[in-house]
Amino acid sequence: MASLHAGPEPGAARTSAKAKAKPAGSAGVAAGRRSVNATSAESRLGELKRRLQEVHDIASAGAVLGWDQATYMPKGGASARARQGASLSRLAHQRFTDAAVGKLLDGLMVHAKSLPEDSDDACLIRVVRRQYDKAVKVPAEFVSRREEVASASYDAWTRARPANDFAAMRPFLERMLDFSREYARYLGPYDHIADPLIDDLDDGMTVASVRALFDALRAELVPIVRAIAEQPLADDSCLRRRFPEAQQLKFSVGVIRRFGYDFDRGRLDKTHHPFCTRLASGDVRITTRVKENDLGDALFSTLHEAGHALYEQGVAPALDGMPLGGGTSMGVHESQSRLWENLVGRSRGFWEHFYPELRQAFPEQLKGVPLETFYRAINKVERSLIRTDADEVTYNLHVMLRFGLELDLLEGRLKVKDLPEAWRARFKSDLGLEPPDDRDGCLQDVHWYAGGIGGAFQSYTIGNILSAQLYAAAVEAHPEIFQEMSRGEFGTLRAWLGENLYRHGRKFKPDEVVRRATGKAMTIEPYIAYLRGKYGEPYELPPRRA
Ligand code: ZN
């Protein structure tokens, strides 16, 4: 399940006046010591924020149009919408890369050093400086050209996937690949052409660091997957009965309210591909999809997107409308969707509370299905075709496959026309299955078709790894989280995440945010311990290699 965010500067809210009056964290500048320099720095900062707010407003308007395109827009609106999106992203890019912004930043660098390093203003100046230095390398004309093709490509994909028509997508994908290459070239120099694309979404990561992480993880996962595959499959037929849409949505909404998703500051709608979008601190929307013959689909999609939304709703209001108002990276973002979807939503403790409620919602369908059967059904491990339906254990193999193909495409070792075949071959060797068609093969994810090739998929696995690391830190600080969960309460967990992660928004880089929250750099250990702890019980797993 992807989460589409509104670009590097999502969100718009009219809070700049408040933020200017009392910038959180700048209290250290005592009024008596204010010099002429400080005053001019403050007026520069005020002007910078005014300009950033405007960029945000334009980007948010684009995000509203994107949300509308994915939810309620009639088919006939597609070409006009593509043009509108392109115009707004060009406008936002032009305003942001205005030379005046660069001058304001130049004038503020000394001021930033005089502020406490983790103050809102010092972080804002640092983050905007980085974003600006990147953005000015990319022509506005390119941004708008890419946006227009991406929108048309997304529209075509919504028809081509159900029709299993890769040929229709091939020209779009070739163009998206060219855009990805062109974009990387603007941001160069780089060691690997995918480095700038990865850095955009997972600040600080490179092809080399992702490869090292994936290699270590693969070495742990493969024996686990193999051991599980040799044992009988869990029976998940209890999820495949007919579950009317309205009751499914009602139940899911009840759960995410308990998580703390605030419907006064958000809403839930249906889409093809679920996502979360932040329009402002007071408007964080999520979408889901429902299959009446699959109880897990809407439920876990909704919990997943609510996890993204809790993060966005938890960002300190003082950061709203600025580039700091949003989650810090795709990987950290995905850690929150996976944490609420899997570590919470697929745990036994969670269902000890919620299963009786679920049975009340579906008394006929779940008659005679004990909790244990249901628990095993929602945690069934099986090599499968679709990433978004994959279980926690095999999921990362799907990601690694895509990551490998992306690098091949970007390096020019694989041609777009040969992608379906390469996908099938790789799928067979990695997951032991052969996709029967492209619909459930290389057409299944929207990312390449709507966003470009490279940069996005590694975030899902980084998210899985970090979900376990952050959860372990929360539970270590507050072991009562487990007892609360089995009462259907999540206040302590949400408060810990809010305090240690959510409120910071984009103030710190991902590695710093992880260190601050857990005391360590990113590590796969808690994730492997979690998988072994959970799946070691129903399945016999081989011991870990030394
Ligand atoms: Zn997600």
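The following legends describe close-up views of a predicted model.

**View 1. The zinc ion is bound by two histidines and a glutamate.** The protein donors are NE2 of His304, NE2 of His308 and OE of Glu334, at 2.1 to 2.3 Å from the zinc ion. Along the sequence these donor residues follow the spacing H-x3-H-x25-E. The site links distant parts of the chain, since His304 belongs to helix 11 (residues 295–314) and Glu334 to helix 12 (residues 330–344), 30 residues apart. His304 is buried, with a relative accessible area of 0%, and Glu334 is likewise buried, at 1%. In an α-helix there are 3.6 residues a turn, so residues three or four places apart point the same way.

**View 2. Three strands form an open sheet of mixed pairing.** The strand order is 1-3-2. Strand 1 (268–270) and strand 2 (276–280) occupy the edges; each has a single partner strand, so one side of each lacks a neighbour in the sheet. Neighbouring strands are turned against each other by 25° on average, direction ignored. Helix 11 lies across strand 1, strand 2 and strand 3, and runs at about 165° to strand 3. This helix also carries the zinc donor residue His304.

**View 3. Strand 2 and strand 3 are joined by a hairpin.** The connection between the two strands consists of 2 residues. Strand 2 and strand 3 (residues 283–288) run antiparallel and are joined by 4 bridges. Cys276 has Ile286 of strand 3 as its bridge partner, and Arg278 stands opposite Val284 of strand 3. Although strand 2 is an edge strand, 5 of its 5 residues are buried, so it is largely enclosed by the rest of the structure.

**View 4. The largest nonpolar core contains 155 residues.** Phe259, Trp340, Val344 and Trp351 are the members that touch the most other members of this core. At least three residues come from each of domain 1 (29–164) and domain 2 (207–535). Leaving aside residues up to four places away in sequence, Val344 touches Phe259, Leu339, Phe350, Tyr471, Met485, Phe490 and Leu493. In soluble globular proteins, nonpolar side chains tend to be buried together.

**View 5. Ala390 lies in the loop between helix 14 and helix 15.** The flanking helices span residues 371–378 (helix 14) and 395–411 (helix 15). Ala390 is buried, with a relative accessible area of 9%; the cut-off for this class is under 20%. Its contacts, not counting residues up to four places away in sequence, are Ser384, Tyr395 and His398. The C-alpha atoms of Ala390 and Lys380 are separated by 9.2 Å, the two residues being 10 residues apart along the chain.

**View 6. Helix 22 (residues 525–535) contributes buried residues along its length.** Tyr527, Ile528, Tyr530, Leu531, Arg532, Lys534 and Tyr535 are buried in this helix. The elements covering these buried residues include helix 9 (207–229), helix 12, helix 14, helix 15 and helix 18 (458–477). Among these covering elements, helix 12 holds the zinc donor residue Glu334, while helix 14 and helix 15 flank the loop that contains Ala390.

Technical notes: Residues are numbered from 1 along each chain as its sequence is written. This is a predicted model: local features need pLDDT of at least 70, side-chain atom pairs count only at pLDDT 80 or more; totals for chains, interfaces and linings use all residues. Side-chain values use heavy atoms; hydrogens and water are left out. A nonpolar core is a set of buried Ala, Val, Leu, Ile, Met, Phe, Trp, Tyr and Cys residues joined through side-chain atoms within 4.5 Å. Buried means under 20% relative accessible area, exposed over 50%, partly exposed in between (1.4 Å probe, protein chains only). Domain bounds come from an automatic or database domain assignment. Contact means heavy atoms within 4.5 Å. Donors are N, O and S atoms within 2.8 Å of the metal (3.2 Å for Na, K and Ca); water is not among the atoms, so sites may look incomplete. Two strands pair if DSSP finds at least two bridges between them. Axes are lines fitted to C-alpha atoms, for helices over the stretch in contact, and angles run from 0 to 180 degrees between N-to-C directions.
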